[in-house]
Amino acid sequence: MNRKRKHYDLRKDPIRRKWWIFILPLMAAFIIGFVWPFIQGIYLSFCTFTTTSNAKLNGFMNDKAFFSNYVKAFNDPTFVRSFWYSALFAVVSLIIINVLAFTVAYLLTRELKGSNLFRTVFFMPNLIGGIVLGYIWSMIFDGILYMYGKTLVTEPVWGFWALVVVVAWQQIGYMMIIYIAGLQAVPSDMLEAAKIDGASSWQTLWRVTIPNVMPSITICTFLSLTNGFKLFDQNLALTNGLPKPFVNGVPVGQTEMIALNIYNTFYVGNTSARGTAQAKAVLFFILVAALGLIQLSATRKKEVQQ
Amino acid sequence: MKKFFALALVLCLMFALVPVTTAETGSVYWLNFKPESDEVLQQIAKMYTEKTGVPVNVVTAASGTYSQTLTAEMDKSTPPTLFIVGNQEGVKTWSEYCLDLTGTKIANELNTDAYNLYDENGKLCSIGYCYECYGIIVNVDLLEKAGHKLDEITNFDTLKAVVEDIHARAAELGFDAFTSSDMDGSSSWRFTGHMINLDYVYEERAAGKVWTECPATITGEFVPNFKNLYDLAINNSEFDPATFAAGGHDAEGEFKADKAVFFVNGSWEYGAVSEGKNVAMIPYYCGVEGEEKAGLNCGTENCWAINANAKQADIDATMDFLYWCVTDAEASRILVDSFGVMPYKQAAESTNGFLAMANDYANNGCYVMDWATNYQPNVDAYRAAFVSALNAYNADQTDANWEQVRSAIVDGWAYQYSQVNG
């Protein structure tokens, strides 16, 4: 029986034929909000400017060297320092956030009473903006440190740990949600098989659960690493880079992270440094992107296919 | 039909992103930098619009973010037509955007050239619209309650004697000598911007000439005098200096509530602190020889600049608006009551008691301390390092920590100068 079936021609489907109309608004927003500023940002990193509309391309429209902004950025000891400081912060906060978030998620997926309430409570700090959080926490920290005659802005060590505490407090809940989703997706037959085979709960955790939640670990470590590097609001609100003693004749913010360093170069510094700040921002993007990609590929390799 | 509908939808979305442009008649857009003046300026703007029909839009940048806001606004298709360029660094940054005001009808109304700012080519970039003075505000009633008289204080030694006497008897008197001296952004400028001016001014006087541009280095010869007065202020209040770093005190509130006799601040506080009190302002007495003849610190950072890149119609509208502000009796009255004084021929008379005192000092042959502080190179970065050093010193008043403060003042100046001019 060869019944002729009416063939539906996909090429005539109006939605499929005019796909570009449907992605146009999104593309327009993406280009206006991201692609164009990004290209302009790279262009500005080779310019001298006060505002973006009076930018002059170095080497062509003035007598500066084409790469002078980048040379200045690399020669700025505060920039190099803030990079290493951010790196240290990113690593420390990455470990603390992920270990704690995983632990909390692990506990909350055991059938605990009221675990839904706990999940909500742990997630809530994530809903508060960084600046507000920073100012509130700075009051809390200063209130405590006051008893010991210290303040956040005079003790770089406390400034560092205060940043770690605030960021951890804020992000653990978010990472926890991702881990909970991962933990709930661990196949119960695997856990059951492990149990029947006589695996201890510790062995089950390390040999079954963790390999199965590797996709969550990948995404969480990626997020906390890049968040660590990009941190700005909390840094501005908590310490604003202080204390700032002179090191070899240069005032160096002891708790200034890389994003704040760029901001300070742009606004607090003189305007001839705005191009330098822009160059720093481009370098910053390259660094974060590279680190993020390296980290992604490293943890991806450990993921198991289900 | 669906096709047209989808297309129309897309076009709608795209047009929504295009800003609405204003009509071709001129309008005024004033980007104001002092949040405390916002209310008055809005009132003035409304008055002018009602009278002439010319729209006047006053936008006030959030405290401490003028530079950021101005940078962003200047890039827009309808940039500010009127903005503030208050010091030499501002001139350096914004000179390209400043209309040359030489010989304009608003500049011709000025009664003094003292507060005008010029760029290196002699272009008149901005003109003062008010001037101010700062020093140490005194609650004369409390001073007398403590058994002292204002004319007792003529130099640092007599000031110190009075201050330390009041501080020692604070519990018995119910008030202390100085208000708090917070180092957070809302208060640190009283010291890193104002009190330190005494070092710069005495350096100028020692060199025998007033700065006309930012010097590459300063000597810090009078930093010990700054220390005299600074120590007096932080160690004679009811608060532990170590707590100043975190901020959270309210110096103005303490002064208004009769908790302290002395308050380091300026003439703009007159309206707030003079209510129901007998107040005076005395110079920064700090132990410099001949300071009995010192006057108050007079100058301004309040200078109007007109955006040269604005549309001609807007420039003309702004010029007319400014002219009206300084010549109209009612408008200038309101502005003078808020700003203290306006140095224009037809503007209303000042009612600010502190500015009157500044004039009295000058008329009695005292030297005016000019605002040399306006030359601080890379001002925000310079002051940030200065604040950091003061925080360490406040927490632990050692010689080593003071050396850091001195370094922030002197070496910091040289470093920031090299950053700006290097």
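Student: Which residue in β5(B) is the bridge partner of B:Leu117?

Tutor: In this predicted model, B:Leu117 has B:Ser126 as its bridge partner in β5(B).

Student: What makes strand β4 (residues 117-118) of chain B and β5(B) a pair of strands?

Tutor: Pairing requires at least two bridges between the strands; β4(B) and β5(B) are joined by two bridges, so the requirement is met, and the two strands run antiparallel. Five residues lie between the strands of this hairpin, where B:Gly122 takes a positive phi near 85°.

Student: How do you know that β5(B) also pairs with strand β11 (residues 303-306) of chain B?

Tutor: The reasoning is the one used before: at least two bridges are needed, and two bridges join β5(B) to β11(B), again in an antiparallel arrangement. Here B:Ile127 stands opposite B:Trp304 in β11(B).

Student: Why is strand β5 (residues 124-128) of chain B called mostly covered?

Tutor: A residue counts as buried when 20 or more other C-beta atoms lie within 10 Å of its own, and four of the five residues of β5(B) are buried.

Student: Why is A:Tyr135 called partly exposed?

Tutor: A:Tyr135 has 14 other C-beta atoms within 10 Å, whereas 20 or more would make a residue buried and 12 or fewer would make it exposed; the value lies in between, so A:Tyr135 is partly exposed. Its place is in helix α6 (residues 130-146) of chain A.

Student: Which residues are buried in helix α3 (residues 66-74) of chain B, and what puts them on the same side of α3(B)?

Tutor: The buried residues are B:Tyr66, B:Ser67, B:Leu70, B:Thr71 and B:Met74. Because they cover an arc of only 130° around the axis, they are on the same side of α3(B). In general, an α-helix has 3.6 residues a turn, so residues three or four places apart point the same way.

Student: How many residues does the contact take from each of chain A and chain B?

Tutor: The contact takes 31 residues from chain A and 38 residues from chain B. Among the elements that each supply at least two residues of the side of chain B that touches chain A are α3 and α16 (379-395) of chain B. By class, that side has 19 nonpolar, 12 polar and seven charged residues.

Student: Where in chain A is confidence lowest, and where is it highest?

Tutor: Confidence is lowest in helix α1 (residues 14-17) of chain A, at a mean of 74, and highest in helix α4 (residues 77-109) of chain A, at 92. The mean pLDDT of chain A is 85, with 93% of its residues reaching 70 or more.

Conventions:
Residues numbered from 1 in each chain as written. Chains lettered and ligands numbered in written order. Predicted model: local features only at pLDDT ≥ 70, side-chain atom pairs only at ≥ 80, totals over all residues. pLDDT = per-residue confidence, 0-100. Arc of directions from axis to C-beta. Contact = placed C-beta atoms within 7 Å. Nonpolar A, V, L, I, M, F, W, Y, C, P; charged D, E, K, R; others polar.
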